[in-house]
Amino acid sequence: MERPSLRNLVLSPYSPLLPEDAENDAEKQPNSFVLEDPEGFAPTIVVPVPLAILISLMDGKRTCAEIVSAFTETTGENLTLSDLEEILKHFESLHFLDSPTFAAWLKEEMDTFQSLDTRPAVNGGQAYEKDAAALDAQIAATLEIPVTLARADGEGKTPEDAFPKNLVAAVVPHIDLGRGAASYGWAYRAILERCSADTFVIFGTSHNPMKETFALSTKHFETPLGVLETDRALVAKIVSHFQEKYAGKEPVDLFADEFVHRDEHSIEFQTIFLKYMENHTGRKIRIVPILTNTFVPFIGGDADPADDPAVRALLDSVAAVLDESGSRKIAILASAEFSQVGPMFGTPTPVDEKEADRIREDDTLLLFSILHRDPAGFWDTASRKNNANNLCGTAPIYCLLELLAKTHLLSHDSDKPAGELVSYEQTIDDPTRSCVSFATVLF
């Protein structure tokens, strides 16, 4: 490779947890960096400072010889062309490089996915049990957690007290099942017992970049428990409404980013619970999978996301389908996390107890707007600090709140909260001390 260039990767300083007596600047400087791929094709790795410097020189402008020279001059360390070639060969195998090899690999992957009728389950064995019997047992145990917690806390609400009589929507987490078990348990025990829907419109966070704001899919979803079907007729109705409402504007292809569904876990994690429900109740469950791109471009402006023509057209289209459903039972899920703070998420300072309390306070403000089904208030709170907490779920939650405000799903004759907060959790990763917060809210 004559002028090696990295793909659009992110190189961020990584500061480990410092000792309390660290005072001098040298101790406070990051001693390594995190290299991440926003598109998710390459693994995340931690690299030492010299390698981070070498990576920064791979800009597509310098020749290999010029990279070696610049690296040696900057660091004083010896690097040969042979050494660089070995590093580049390794980077190529990890999909770090913007190269013909990567382009060919990506095209083949996209063509293969496009030809599939179902979207494969990709997180079994990592985020949840891969074996069907083991996953069935894992979910059954998860659904017992709310009962166990209620028994342990004599003054707390039982699941029966906390659950709405007729659940029509929920904010649910998309963290791995191990760390999010309690919140998942509250969410899906309520859905199992108090939700009569047979179709679930799922707004999922896309953790990878997308060209458009939304990505629909007609593929069914594989799970270890069997295939969960996508309601293709309902997807077609939403697309038809969208094309009518968005006519005359710059074209938007709601399937342009369907490939992003392949590796995205935010909807996959919901499908294992819904398939479990289908298997154990005999009800035929279908989904409408909608991935949302980040709403970060709207942050800091005067307008809400729904003022954007494409966002408005999509929400109006889903609302129209909901209102047309008549006796058909449809529920909405927002697959979301809240704050993501710490070295894993681009904020170098590790999260200590004081910072965790601050995150909780910020999340409480967001939850107030969610519970009062106030999309404008939620968006104002979420964007007020320019997304300082790196919220991971703003778009799905906003979409859910907008739909609750404009459809027949909820009564709007009361100022009392329509939502019930049944779980809020923070999990802090070791050794990076990075915090993820998430919650379950039932409507």
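In which helix is Glu-92 found? In this predicted model, Glu-92 belongs to helix α4, which covers residues 81-93.

**A buried charge**

Glu-92 is buried and yet has no salt bridge, and the nearest side chain of opposite charge, that of Arg-7, is 8.7 Å away. A salt bridge requires a side-chain nitrogen of Lys or Arg within 4 Å of a carboxyl oxygen of Asp or Glu. The side chain of Glu-92 does have a polar partner, however, since a polar contact of 2.7 Å joins it to the side chain of Ser-99.

**Salt bridges**

The structure as a whole holds 21 salt bridges, and three of them are set out in the table below.

| Pair | Closest N to O distance |
|---|---|
| Arg-262 and Glu-109 | 2.4 Å |
| Arg-286 and Glu-229 | 3.6 Å |
| Asp-316 and Arg-312 | 3.2 Å |

The side chains of Arg-262 and Glu-109 meet in a salt bridge, and this pair links distant parts of the chain, with Arg-262 in the loop between α9 (232-245) and α10 (265-281), Glu-109 in helix α5 (residues 100-115), and 153 residues separating them. Arg-262 is buried, because its relative accessible area is 13% and buried means under 20%, whereas Glu-109, with a relative accessible area of 24%, is partly exposed.

The side chains of Arg-286 and Glu-229 also meet in a salt bridge. Arg-286 lies in strand β10 (residues 286-292) and Glu-229 in strand β9 (residues 226-230), so this pair ties together parts that are 57 residues apart in sequence. Both partners are partly exposed, Arg-286 with a relative accessible area of 30% and Glu-229 at 26% relative accessibility.

The salt bridge between Asp-316 and Arg-312 stays within one element, as both residues lie in helix α11 (residues 309-324), where they are four residues apart, or about one turn of the helix. Arg-312 is partly exposed, with a relative accessible area of 25%. Salt bridges can also share partners, and in this way Glu-229, Lys-275, Glu-278, Lys-284 and Arg-286 are joined into one network.

**Charge on the surface**

Where does a patch of negative charge gather? Asp-352, Glu-353, Asp-357 and Glu-361 form such a patch on the surface. One of these residues, Glu-353, lies in helix α12 (residues 353-371), and Glu-353 counts as exposed because its relative accessibility is 65% and exposed means over 50%.

**Backbone and loops**

Most residues other than glycine have a negative phi. Against that background, Arg-373 has a positive phi, near 35°, and Arg-433 likewise has a positive value, near 55°. Arg-373 is placed in the loop between α12 and α13 (375-383), and it is buried, with a relative accessible area of 13%. Arg-433, in turn, is placed in the loop between β13 (420-429) and β14 (434-442), and it is partly exposed, with a relative accessible area of 24%.

Is Gly-342 buried or exposed? Gly-342 is buried, with a relative accessible area of 0%, and its place is in the loop between β12 (340-341) and α12. Although Gly-342 and Asn-390 are 48 residues apart in sequence, the distance between them in space, from C-alpha to C-alpha, is 9.8 Å.

Definitions and conventions: Residues are numbered from 1 along each chain as its sequence is written. This is a predicted model: local features need pLDDT of at least 70, side-chain atom pairs count only at pLDDT 80 or more; totals for chains, interfaces and linings use all residues. Side-chain values use heavy atoms; hydrogens and water are left out. Patches are made of residues with over 30% relative accessible area and no salt bridge: like charges are joined within 9 Å, nonpolar side chains (Val, Leu, Ile, Met, Phe, Trp, Tyr) within 5 Å. Accessible areas come from the Shrake-Rupley method with a 1.4 Å probe; for residues, only the protein chains shown count as cover. Lys and Arg count as positive and Asp and Glu as negative; His and the chain ends are not counted. The place of a charge is taken as NZ of Lys, CZ of Arg, CG of Asp or CD of Glu. Helices (H or I, at least four residues) and strands (E, at least two) are DSSP runs, numbered from the N terminus. Buried means under 20% relative accessible area, exposed over 50%, partly exposed in between (1.4 Å probe, protein chains only). A polar contact is a pair of N or O atoms within 3.5 Å; within protein, one must be able to donate a hydrogen and the other to accept it, and residues adjacent in sequence count only if both atoms are side-chain atoms.
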